[in-house]
Amino acid sequence: MPTVAFLGLGAIGAPMARHLAAQDLGLRVWNRTATKAAAFAASHGALRAGTPAEAARGADIVITCLPVSADVEGLLDGPDGLLAGLAKGSVLVDCTSGDPATSRRIAARLAEHGIDFIDAPVSGGVVGAENAALTIMVGGDAAVLERVRPVLAVFGKLIVHCGAIGAGDAVKAVNNALLALHIWSAAEGLATLKRAGVDPAVALEVINTSSGRSNSSMNLFPERVLTRAFPRTFRLALLDKDVGIAAAVAREHKLPTPILQMTAELYRAAHLAMGEEVDHVEVVKWVEQLTGTVIQ
Ligand code: NDP
């Protein structure tokens, strides 16, 4: 089995890395806040690296899972950077929900050193990561994907080659733009129905067996909104970033996409008003404020 390093033990990175630690992969972990990496290494039998370079040294596959592509790009240079540790012939697998343009730039930088790159964002949320049931959407050389597939299969259930470098990022961004739109539109719809005298639970019972249903109406609203639980699993700031990427890709290709652009604007405003730590589903509270209606 290859040797693997994992950088970025956040909400989704940590459960992904846990599955790798349980395999014979000599896993090393690095995290910006070093105490998190130390705690992870102690609990899961992984090696803690002091720097990105130390994590990458001797690793065949280095996996990153950070908020944005620019964070990954920011780890490349300097004596402690990834390029100081990555060996020729190794692969950087970026599981960040990134942006295609930066991924292409990172891939070009690595190629100068004989290092391969694929963008490999994931979907399925923290629960999918905990159950090793993530969908992984990959951009880059199909032959490179085949080299790393057994390692990705440790935490992924469905691994799809989407196209050239940046294609995985683009698919992820559009998927999440649809998620964002479904949450917002379901919130507006349910607030409207509540004001029209319909209990939101009754409305969802109908919608969820009818053509207006979505993952948001079927899972997020019953489990997180009606219960007022709003667990923090995926930050609104990250969903704002994803919708912004989807809107930017559409603009790059000069497509008229009014709904996509408007969704990006709405999420940007909600993110700015609600801050960095709130969960994505908490955007419903923003719609509740706008409509003066609590969906309960
Ligand atoms: P978190 O905010 O929970 O964690 C981010 C991680 O990145 C932390 O380990 C953090 O370190 C590290 N980090 C942040 N900024 C930097 C930086 N500049 N340099 C180095 N390390 C940095 O994010 P998630 O784990 O939720 O998300 C990670 C990626 O996965 C994102 O792109 C997100 O969109 C995507 N994703 C998340 C899902 C989810 O359900 N959470 C689902 C699908 C995709 P530190 O501990 O020091 O803060």
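At the start of helix H10 (residues 200-207), a side-chain oxygen of Asp199 comes to within 2.9 Å of the backbone nitrogen of Ala201. The structure is a predicted model, in which local features need pLDDT of at least 70 and side-chain atom pairs count only at pLDDT 80 or more, while totals for chains, interfaces and linings use all residues. Residues are numbered from 1 along each chain as its sequence is written, and side-chain values use heavy atoms, with hydrogens and water left out. Helices (H or I, at least four residues) and strands (E, at least two) are DSSP runs, numbered from the N terminus.

**Helices H10 and H1**

The buried residues of H10 are Pro200, Ala203 and Leu204. Seen down the helix axis, these buried residues fall within an arc of 100°, so they line one face of H10. The arc is that of the directions from the helix axis to the C-beta atoms. An α-helix has 3.6 residues a turn, so residues three or four places apart point the same way. Glu205 and Val206 are exposed and sit on the face of H10 turned away from its buried side. Here buried means under 20% relative accessible area, exposed over 50%, and partly exposed in between (1.4 Å probe, protein chains only). The cover over the buried residues of H10 includes helix H9 (167-195) and helix H11 (215-225).

Helix H1 (residues 13-21) is mostly covered, with 7 of its 9 residues buried. These are Gly13, Ala14, Pro15, Met16, Ala17, Leu20 and Ala21.

**Packing of H13 and H14**

Two packed helices are described by the angle between their axes and the distance between the axes. Helix H13 (residues 258-274) packs against helix H14 (residues 283-291) at an angle of about 95°, and their axes are 10 Å apart. That angle makes H13 roughly perpendicular to H14. Axes are lines fitted to C-alpha atoms, for helices over the stretch in contact, and angles run from 0 to 180 degrees between N-to-C directions. Angles under 35 degrees count as roughly parallel, over 145 as roughly antiparallel, 65 to 115 as roughly perpendicular and the rest as oblique.

From H13, Tyr267, Ala270, Ala273 and Met274 meet Val283, Lys285 and Trp286 of H14. The residues of this contact divide into 6 nonpolar, no polar and 1 charged. In this classification, Ala, Val, Leu, Ile, Met, Phe, Trp, Tyr, Cys and Pro count as nonpolar, Asp, Glu, Lys and Arg as charged, and the others, Gly among them, as polar. Contact means heavy atoms within 4.5 Å.

**Helix H11 and the loop that follows**

Arg224 lies in H11 and, at 14% relative accessibility, counts as buried. Its side chain is joined to that of Asp279 by a polar contact of 3.4 Å. A polar contact is a pair of N or O atoms within 3.5 Å; within protein, one must be able to donate a hydrogen and the other to accept it, and residues adjacent in sequence count only if both atoms are side-chain atoms. Not counting residues up to four places away in sequence, Arg224 touches a set of residues that includes Phe230, Asp279 and His280.

Most residues other than glycine have a negative phi, and most peptide bonds are trans. In the loop between H11 and helix H12 (236-252), Arg228 has a positive phi near 60°. Phe230 is placed in the loop between H11 and H12, and its phi is also positive, at about 40°. At 26% relative accessibility Arg228 counts as partly exposed, whereas Phe230, at 7%, counts as buried.

**Three partly exposed residues**

The table gives C-alpha separations for Lys36, Asp77 and His113.

| Residue | Partner | Places apart along the chain | C-alpha separation |
|---|---|---|---|
| Lys36 | Gly8 | 28 residues | 9.6 Å |
| Asp77 | Pro52 | 25 residues | 9.8 Å |
| His113 | Gly58 | 55 residues | 15 Å |

Lys36, in helix H2 (residues 34-44), counts as partly exposed at 45% relative accessibility. Leaving out residues up to four places away in sequence, Lys36 touches Leu9 and Asn31.

Asp77 is found in the loop between helix H4 (69-73) and helix H5 (82-85), and at 46% relative accessibility it counts as partly exposed. Beyond its neighbours within four places in sequence, Asp77 is in contact with Leu83 and Arg109. A polar contact of 2.8 Å joins the side chains of Asp77 and Arg109.

His113 lies in the loop between helix H6 (100-111) and strand E6 (116-119) and counts as partly exposed at 38% relative accessibility. Apart from neighbours within four places in sequence, His113 is in contact with Leu83 and Lys88.
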